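Trainee: Got a minute to go through this model with me? I'd like to ask about it piece by piece.

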Amino acid sequence: MTDKKDRKVRAVEAEMVNEGDGQSLALPNQIMPSHVYLFPVNNRPFFPSQVQPVVVPAAHWESTVVKVGETSHRACGMVYVGDVPADKVEPSDFSEIGCLTRIHNPMKIENNLQFIGQGIRRFRIKRWLSEQVPFYVEIDYPEEEESEDSEEEVKAYSMALINAVKELVRTNPLYGEELKQYLETFNPRDPSPLADFAATMTTANGDELQDILNTVPLLSRMKKVLPLLQKELQVARLQSEISGEVNKKISERQREFFLREQLKTIQEELGITKDDRSADADLFRQRLEKLNPPEGILAKIEEELKKLTILEKGSPEYGVTRNYLDWSTSVPWGVYSEDKLDIVEARRVLDRDHDALEDVKDRIIEFLAVGAFKKEVAGSIMLLVGPPGVGKTSIGKSVAEALGRRFYRFSLGGMRDEAEIKGHRRTYIGAMPGKLVQALKEVKVANPVIMLDEVDKIGASFQGDPASALLEVLDPEQNSDFLDHYLDMRLDLSKVLFMCTANLLDTIPAPLLDRMEVIRLSGYITEEKMAIGRNHLLPKALAKGGLKKSQLKISDAALRTIIEGYAREAGVRKLEKQLRKIMRKTVVRLLEDNTARVSVSSRNLEEFLGKPLFRKEERFTGIGVVTGLAWTALGGATLAVEATCIHEQRRGFKQTGQLGDVMRESSEIAYSYIAANIGRFGGEKDYFANRFIHLHVPEGATPKDGPSAGITMASALLLLARGVSLKRPLAMTGELTLTGKVLPVGGIKEKMIAAKRQKIQDIILPGANRGDFEELPEHIRNGLHVDFVDKYQQVAKVILNR
C-alpha cells in the first residue's frame, strides 16, 4: 500500500513545476497536485488568499509533515473539521472542500510542529487513498464559471468589498498588516482572491466561513462575503466609538488633573492656599475652637496635630493619624444642650404620645421633677421591661422630646464583640470607636438620651462579652471616666440619660441589672387598646395610606372585634398591622369602586381581615377543673388545670401538658399535700390510696413552667376528691408548700389584666401580694374581687363555698 502511494506521489511530482528548495512562494498559475496529504483545521477554515502560522501536535501529525516534506511541491490540504479534536479526527469529519496549502519553514518546538501555511487554491476530495494518519486523498480543483452578463455585477461587488476593507482598516489598524501581505501576493483587481481575503478579515464562525469556502461561483461567493464584512464593519465602528468615548473621558480627567495641579502650585506660590496637610490641620483646629475639651485631652490632640504636619501624606501613618484626629475632634467635648425642666410640658408630651401607662409616666415625671428641683437632670439609667409592642422605645423618644435633648438609639440584640461598646485598638486595620462615641458624634452634644434596645439579648463570644463592657457605661459612679479604646481618652458620660429596654430580666446578668432602675410595662387591656388604636394607630395608618379621616370610618364595635379576635396580645403591634391591612383594602376599594368613603363595622369586618385568628376562649368548667393565672414574656395568660381519676386499681399520679421541672415539682407538692390532708377538707381520707390520678394543663403544645400554679393544681385535686365544681368563674395564683403555706408570686399586674380579659372577677392571691395589687392602676382594680390568703385552708374555704 505504501509503495503504491509513493508511486502516486512521484507521478504527481513529475507533473509539478520544479521549485528548487521548495521555500519560494507559490504562483497562482502553477500546476496543482492531484494527490495530497491532509491536515485538520478546527476553529476557522483555511482560504486560498491566506498566509498564517499553523501549529499541530507533533505526536500525532509529525509523520504527515515528513511525508509532505518529501514531496517536491511541499503542498498539503487544510480541511475544516469543526470542533473535533485533532487527535480524534476521522475521514467522515472532514469537509468536502478544502484549501491547498504550501508549507514553509517547518520546525519542531517542544511537543508541537510549527510551519507557515500559504493558501493556494480550493480543492474537492474525490477519493480517500489512506483513511489513517497520515491521511492521503485524491483531489480535483473546481473551476469558477461566471457568465459574461455578470461581469459588471462582479465589478460592482468588487468595489463594494474594496471600500469596506478600506474602511475596516481605518477603524481597526490591526488589519493593516494582513492587507499589506495580501497586496504583496495578489493582484488587488483580481476579484476571486479579494472575496476570499475579505472573508478572512471577518470574525464569523467556522461554519459560516466554510460555507463561503464551499461556494465556488464567484458572484455567489461575493454576495455571501459582503454581508459578513458589513457586519464586521458595524462592530468595528461601535468599538471605535466606545474607545473614543473612553479616551475622551480619560483625556478630560487628565486635563482637569493637570490644571488642578497647576492651579494648586500657583496658589501655593502666591500664598493663597495651603497643602493638604496644612488644610487638614487647620480644619481640626477650627473644630477644637468650638469645643471645650479638658486640658489633658487638648494636649493629646495638639500632640497628634504636630505629628500630622510632619508626616508624609502618602504614608500609612498619615491616614491613621488623620482618622484619629477626625474622630477625636468630632466628639462634642463640653458641649451640652439646655434641658427643658417644665413638668407640665413633660406631662403633656407623655400624655400626647401614650395612652394608659399611668404608673410609668408618673415614675418618669418624678425623675424629671427631681431634675427640675435641682436645676439639673443628672445622668441616670432606667430599664423599661415589658412584652413586645407596649411602647418601650417610643417612651424613650418622648422623654428626649420632653427634656429637649437629642435622641439616639442602637440595638444590643445579638452583639457579640465588646469592641462595639468600647472601640477597637487604634493599631488595628479598620479600627473604629465604640457605639457610644459614634452616638456622641452624631448628636453633637454630650448629654443626649441614648436608648440601648434589647439589652436582654446581648450575646457573648471569643471576642469578649459586651454585657461586661456595659458595666462601666451604666454605672453612674464610673461612667464619668469612660475609656474608649480607640480614642484612648476619658469621656464623661455622667450627663447622658441612658434608657434600656428588655422583654425579660432572666437573661440580663445580675451585676448589670443591679446598675439599672427597673420600670415594668405590662400589657394593655381591651379598653386601653381601643384608646391607643383610636388616638394613635388609626391616624398613623391613615397618614401612611394618604387617606383622610372622612374616607375611612371604623366603628367602636369593629375596633373591639379586631382587638379580641385578631390582635389578642399584650402589645399593640398586631393591632397596628390589622389597621394597616384595612387601610390597604380601603384604598383598593376607593380606586376600583370610585366610592367617597368606606365604613368598617363588626358586620363587614371579615371582608377586610378574613376569619378571626382567635376564637373566643371558653372557660373550662366541671369537676376537678380550676383556672389559674400565669405570666409569660408576652404578658399575662389564663391557665386551666384539669384533674381526673383514671381507675381505682392502684395508686398513681401522672402529669401532662409539657410541664417544666419546677411546675412538675409543684404538682407533686400539691398532690402530696391534698392526699395527706383530704380528710380535713371534707373528703374521703383514703380517696387517693387506690386511685390513679391524671393531672393535665392545656394547651399541650405550649411549654409551661414556674411555681405560681401550686394552689391551682391543689384546688383541682381537691375538687376532684370532693366531686364538686366551681359555681362561678374564679381564677387564682400562688405557690404552695408541703405545710400548706401560700407564698407570693410575681407578675400580678399582667395576671390581673389576663383575668379581666377573660371577664373573671373573683381572684385568689397570696396575702404577701396585697401591696402589689393595691399599687395597680384603679382602672385595672375596678370590678375585681380579690381574696388574699396565707394558708391553703383559706383557699379551700373560698372554692368550696363558691
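What follows is a set of questions and answers on this predicted model.

Trainee: Let's start inside. How many cavities of 30 Å³ or more are there?
Mentor: It helps to know how such space is found. Rolling a probe the size of a water molecule over the atoms shows where empty space is left. For cavities of 30 Å³ or more, the count here comes to two.

Trainee: And how much space lies in the largest cavity?
Mentor: Look first at what surrounds the largest cavity: 13 residues line it, and A356, L357, G523, E528 and K749 lie nearest its centre. Helix 12 (358–374), helix 24 (748–757) and helix 26 (778–781) each give two or more residues to that lining. The space in the largest cavity is about 70 Å³.

Trainee: How do the residues of that lining divide into nonpolar, polar and charged?
Mentor: Glu and Lys count as charged, and E528 and K749 are among the lining residues nearest the centre of the largest cavity. Going through the whole lining of the largest cavity, you get six nonpolar, three polar and four charged.

Trainee: Now the second largest pocket. Which helix gives the most to its lining?
Mentor: The second largest pocket holds about 700 Å³ of space. Its lining takes two or more residues from each of helix 11 (343–353), helix 13 (392–403), strand 12 (497–502), helix 18 (526–545) and helix 20 (573–593). The element that gives the most, with four residues, is helix 18.

Trainee: Which residues lie nearest the centre of the second largest pocket?
Mentor: The lining has eight nonpolar, eight polar and nine charged residues. That lining is made by 25 residues, and the ones nearest the centre are G389, G391, S394, V572 and E576.

Trainee: On to salt bridges. How far apart are the closest N and O atoms of R589 and E607?
Mentor: R589 sits in helix 20 and E607 in helix 21 (residues 605–609), so this pair ties together parts that are 18 residues apart in sequence. R589 is partly exposed at 28% relative accessibility, while E607 is exposed at 51%. Their closest N and O atoms are 3.0 Å apart.

Trainee: Is D456 buried or exposed?
Mentor: D456 meets the side chain of K457 in a salt bridge, 3.3 Å from N to O. K457 has a relative accessible area of 37%, so K457 counts as partly exposed. For D456 the value is 8%, and since the cut-off for that class is under 20%, D456 is buried.

Trainee: What about K611, buried or exposed?
Mentor: The K611 side chain pairs with E606 in a salt bridge, 3.2 Å from N to O. E606 is partly exposed at 40% relative accessibility. K611 has a relative accessible area of 62%, so K611 is exposed.

Trainee: Which residues do salt bridges that share partners join into one network?
Mentor: For scale, a search of the whole structure finds 38 salt bridges. The residues joined into one network through shared partners are E96, R124 and D140.

Trainee: Switching to the backbone, which residues does a cis peptide bond join?
Mentor: Go to the loop between strand 5 (112–130) and strand 6 (136–140), where you'll find P134. Omega is about 0 degrees at the bond in question, and the residues joined are V133 and P134.

Trainee: What is the phi of Q658?
Mentor: Q658 lies in the loop between strand 18 (652–656) and helix 22 (661–677). With a relative accessible area of 44%, Q658 is partly exposed. Q658 isn't a glycine, yet its phi is positive, at about 55 degrees.

Trainee: How far apart in space are N479 and S494, C-alpha to C-alpha?
Mentor: N479 is in the loop between helix 16 (466–473) and strand 10 (482–484), and N479 is buried, with a relative accessible area of 2%. N479 and S494 are 15 residues apart in sequence, and their C-alpha to C-alpha separation is 5.7 Å.

Trainee: Last one, about the surface. How many Å² does the nonpolar patch made by L238, I242, V246 and I250 cover?
Mentor: Find L238 in helix 7 (residues 218–270) to get your bearings. Together with I242, V246 and I250, L238 makes a nonpolar surface patch of about 340 Å².

Terms used: Residues are numbered from 1 along each chain as its sequence is written. This is a predicted model: local features need pLDDT of at least 70, side-chain atom pairs count only at pLDDT 80 or more; totals for chains, interfaces and linings use all residues. Side-chain values use heavy atoms; hydrogens and water are left out. Patches are made of residues with over 30% relative accessible area and no salt bridge: like charges are joined within 9 Å, nonpolar side chains (Val, Leu, Ile, Met, Phe, Trp, Tyr) within 5 Å. Accessible areas come from the Shrake-Rupley method with a 1.4 Å probe; for residues, only the protein chains shown count as cover. A salt bridge is a side-chain nitrogen of Lys or Arg within 4 Å of a carboxyl oxygen of Asp or Glu. On a 1 Å grid over the protein atoms alone, a cavity is a set of points where a 1.4 Å probe fits but cannot get out, and a pocket is an open set with protein on both sides within 12 Å along at least five of seven lines; lining residues have an atom within 4 Å of a point. Grid points are joined across faces, edges and corners, and a volume is the space filled by probe spheres set on the points. Buried means under 20% relative accessible area, exposed over 50%, partly exposed in between (1.4 Å probe, protein chains only).
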